[in-house]
Amino acid sequence: MQPLLDVRNLMTYFFTQAGLVKAVRGLEFSIDEGETLALVGESGCGKSMTALSLLRLVPDPGRLVDGEVFFEGKDLRRLPEEEMRRIRGNRISMIFQEPMTSLNPVFRIGEQITEVLRLHKGVDGRQALAAAVDLLHQVGIPAAERRVREYPHQLSGGMRQRVMIAMALACDPQLLIADEPTTALDVTIQAQIMNLLKDLQQERQMTMLLITHDLGVVAESADKVAIMNEGLIMEYAPTVEIFANPTHPYTRGLIGCIPRLGEKRARLSPIGGATASAERAPGTSYLDTCPEPFAPVRNQLPPLREIAPGHFVRCWSR
Amino acid sequence: MEPLLEVRNLRKSFYVHPGPGGGKNLELRAVDGISFSLFKGETLGVVGESGCGKSTAGKLLLRLLEADGGEILFRGRDIRRLSPRAMRPLRREMQMIFQDPYSSLNPRMRIGDIVGEALKIHGLARSSAIKGEVVRLLSTVGLGEEYYHRYPHEFSGGQRQRIGIARALAVKPSLIIADEPVSALDLSIQAQVVNLLQDIQKDFGLTYLFIAHDLAVIEHISDRVAVMYLGRIVELADARELYRAPRHPYTEALLNAVPVPDPARRRERQLLKGEIPSPIDPPSGCHFHPRCPYAREICQREDPPLEDKGNGHLSACHFSSEVGRFRHF
């Protein structure tokens, strides 16, 4: 079966006045229909820029410099802008971390949802408003008939994120990109939103690219995981496999450094050694501080190799 | 043993303009009568969701905000009655570490001056000795001497938080109030800063009030934990006890909501329904009753007091002995 999304050698560079910044340095991954892939990494690893690259929304001075993005068999990078616009928000939609900044504060909730329907489906007027109310019901907003007439500031953070989800789902997309959808929310609301996303995904047979730094969220909702660092995938495997058998030293570091409920340890183990000053200065590479002894090939990028069926690792010493 | 800090019935309200319709300002009880003590050398974790009053409580303790009522006894003296002049030496003893390392350092000052300023103001070092002292403080938090002349923008988030810690340590405090000190940091950096905070606590005999929303971080660092909901402490107990056997339904619900980083333990979860009610118009009786799976008729009428339910485990719940039924591991 052909994957729904197949990304090959994707590169996004920023041509800044201070020089070249390689945000995404050759990404390879694919997502099958109905599957959830989690893209995991710390800030600055390029995970959000990957999402924007897929939709060709990379801000200046950034540019997609190489690679292919096959979606339903077509390379999105080669589509004319007009056709791309028909895909965004329709076949592929996205929800963002901060629901307040991604909703327009001067338009009513209903207007913002019906806009999507008007643009992509040609539905207008009363019919569109009824569809908006229905969508709000589906994402669990009580008194939806009243809420469609409200403005974003009248809603709580959790409710705003539900509105964002309703907007994203308005056109029944094949692929939903969720960029840190629960990071700004409280833990009880986070659990509600993740459950909602999971239910909606199952109902609609939707495929999801989940971008997050929270390994708890990953463990509970992803089928596959790609661990990203410095614009590259370091390890890529089914979720169960990556937690049971983390292989790349960076993955092991990430899993090892988080405190877990019910497991009071004397000390946390930070990534890359235990000393206080181990934090890398901006601009240096993970390769420089990697705790693994791979001296003979230091400063040479290892390839992403398959070490077990479906389990890929980018490390010389594996 | 006398506690280092004892807080009794501390209260603070804000008054919110009701909006274009006009009318009387609405009272928002941010901190609604909280009491606890803090013993020398221990870490009390304060956890709760946004708007529960945990940050306001931290600011009240340092008198960065003035409380409306209650007592704050530091070494037995009520600091709410002290004049600004009498307060000053106590400010040296009580320091704060802030959440956002980007906005809590003056961008126009060099690191050496940021850390040295505290020494100067409190007269803790002669001007000739300040530089050496600052270099020593920087090395305590894992920063080299070469950073002395740099500006805040040249540092990463984790390094800035280290600078904030060095600044707090400069005046040799006995109590540190840390308000979400690691929540803005990446996972790996978070681990480093948590370790650093634990190291300096041991080395300098510090007492911590550690405010955070991350339940796993709170469990890791705290000796005792207080859980807040709508301006009140609803549960206060030994950290191990509270996480092992919560005695308040809200604590249980919080623990259930934390996603477990282990796909083998994936399960259907019992989730808390609804959202936190507005603190301007909190529910009658027990504030938690509309969302509580254990709630009965009495909960709508009577506000349960925070009481000892055995072995110093405090809970504000009419049915605390039943809590645990909905906990899943």
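These legends walk through several views of a predicted model with chains A and B.

**View 1. Chain A as a whole.**
Start with the full chain: its secondary structure adds up to twelve helices and twelve strands. Along the principal axes, the C-alpha atoms of chain A fill a box of roughly 70 × 50 × 45 Å. The radius of gyration of chain A is 21 Å, which agrees with the value near 20 Å for a compact globule of 318 residues. Of those 318 residues, 44% count as buried. If you look at contacts in chain A with a separation of 6 or more, 62% of them come from residues 24 or more positions apart.

**View 2. Chain B as a whole.**
Now for the partner, where you can find ten helices and twelve strands. Chain B has a radius of gyration of 21 Å, close to the 20 Å that the globule rule gives for 329 residues, so chain B is as compact as a globular protein of that length. Its C-alpha atoms fill a box of roughly 70 × 55 × 50 Å along the principal axes. Buried residues account for 46% of the 329 residues in chain B. Take the contacts in chain B between residues at least 6 apart in sequence, and 66% of them join residues at least 24 apart.

**View 3. Where chain A touches chain B.**
Here 41 residues of chain A are in contact with 40 residues of chain B. On the chain A side, helix 8 (187-204), helix 9 (215-221), helix 10 (239-244) and helix 11 (249-257) each supply at least two residues. Which helix of chain A gives the most to this side? That is helix 8 of chain A, with seven residues. Sorted by class, the side of chain A that touches chain B has 18 nonpolar, 14 polar and nine charged residues.

**View 4. Helix 7 and helix 8 of chain A.**
Helix 8 of chain A turns up again here, this time with helix 7 (residues 157-169) of chain A: their axes come within 10 Å and cross at roughly 15°. Angles under 35 degrees count as roughly parallel, so helix 7 of chain A is roughly parallel to helix 8 of chain A. The crossing of these two helices is right-handed. From helix 7 of chain A, the contact uses A:G158, A:Q161, A:I165 and A:L169, while helix 8 of chain A brings A:I189, A:Q192, A:I193, A:L196, A:L197 and A:L200. By class, that contact has seven nonpolar, three polar and no charged residues.

**View 5. Just past helix 8 of chain A.**
Follow the chain into the loop between helix 8 and strand 8 (207-212) of chain A, and you find A:Q205. This residue has a positive phi of about 55°, although it is not a glycine. Is A:Q205 buried or exposed? It counts as exposed because it has 10 C-beta neighbours inside 10 Å.

**View 6. Backbone details early in chain A.**
In strand 1 (residues 5-16) of chain A sits A:N9. Its phi is near 50°, a positive value in a residue other than glycine. With 11 C-beta neighbours inside 10 Å, A:N9 counts as exposed. Further along, the loop between helix 1 (47-54) and strand 4 (62-71) of chain A holds A:P61. The peptide bond from A:D60 to A:P61 is cis, with omega near -5°.

**View 7. A:L119 and A:R86.**
A:L119 belongs to helix 4 (residues 109-121) of chain A. It has 16 C-beta neighbours inside 10 Å, so A:L119 counts as partly exposed. A:R86 is 33 residues away along the chain, yet the C-alpha atoms of A:L119 and A:R86 are separated by 8.8 Å.

**View 8. Helix 3 of chain B and what covers it.**
Within helix 3 (residues 111-121) of chain B, the buried residues are B:I111, B:I114, B:V115, B:G116, B:A118 and B:L119. Their cover includes helix 4 (127-140) and helix 5 (157-170) of chain B. Just after helix 3 of chain B comes B:G123, with a positive phi of about 60°.

**View 9. Helix 4 and helix 5 of chain B.**
The axes of these two covering helices come within 9 Å and cross at roughly 130°. That angle makes helix 4 of chain B oblique to helix 5 of chain B. Their crossing is right-handed. B:L137, B:L138 and B:T140 in helix 4 of chain B meet B:A166, B:L169 and B:A170 in helix 5 of chain B. The residues of this contact divide into five nonpolar, one polar and no charged.

Terms used. Residues are numbered from 1 along each chain as its sequence is written. Chains are lettered from A and ligands numbered from 1 in the order in which they are written. This is a predicted model: local features need pLDDT of at least 70, side-chain atom pairs count only at pLDDT 80 or more; totals for chains, interfaces and linings use all residues. Two residues are in contact if their C-beta atoms, placed from the backbone, lie within 7 Å. Helices (H or I, at least four residues) and strands (E, at least two) are DSSP runs, numbered from the N terminus. Ala, Val, Leu, Ile, Met, Phe, Trp, Tyr, Cys and Pro count as nonpolar, Asp, Glu, Lys and Arg as charged, and the others, Gly among them, as polar. A residue is buried if 20 or more other C-beta atoms lie within 10 Å of its own, exposed if 12 or fewer, and partly exposed in between; C-beta atoms are placed from the backbone. Axes are lines fitted to C-alpha atoms, for helices over the stretch in contact, and angles run from 0 to 180 degrees between N-to-C directions. Angles under 35 degrees count as roughly parallel, over 145 as roughly antiparallel, 65 to 115 as roughly perpendicular and the rest as oblique. A crossing is left-handed if the near helix is turned anticlockwise from the far one by less than a right angle, and right-handed if clockwise. The radius of gyration is taken over C-alpha atoms; the globule rule is 2.2 Å times the number of residues to the power 0.38.
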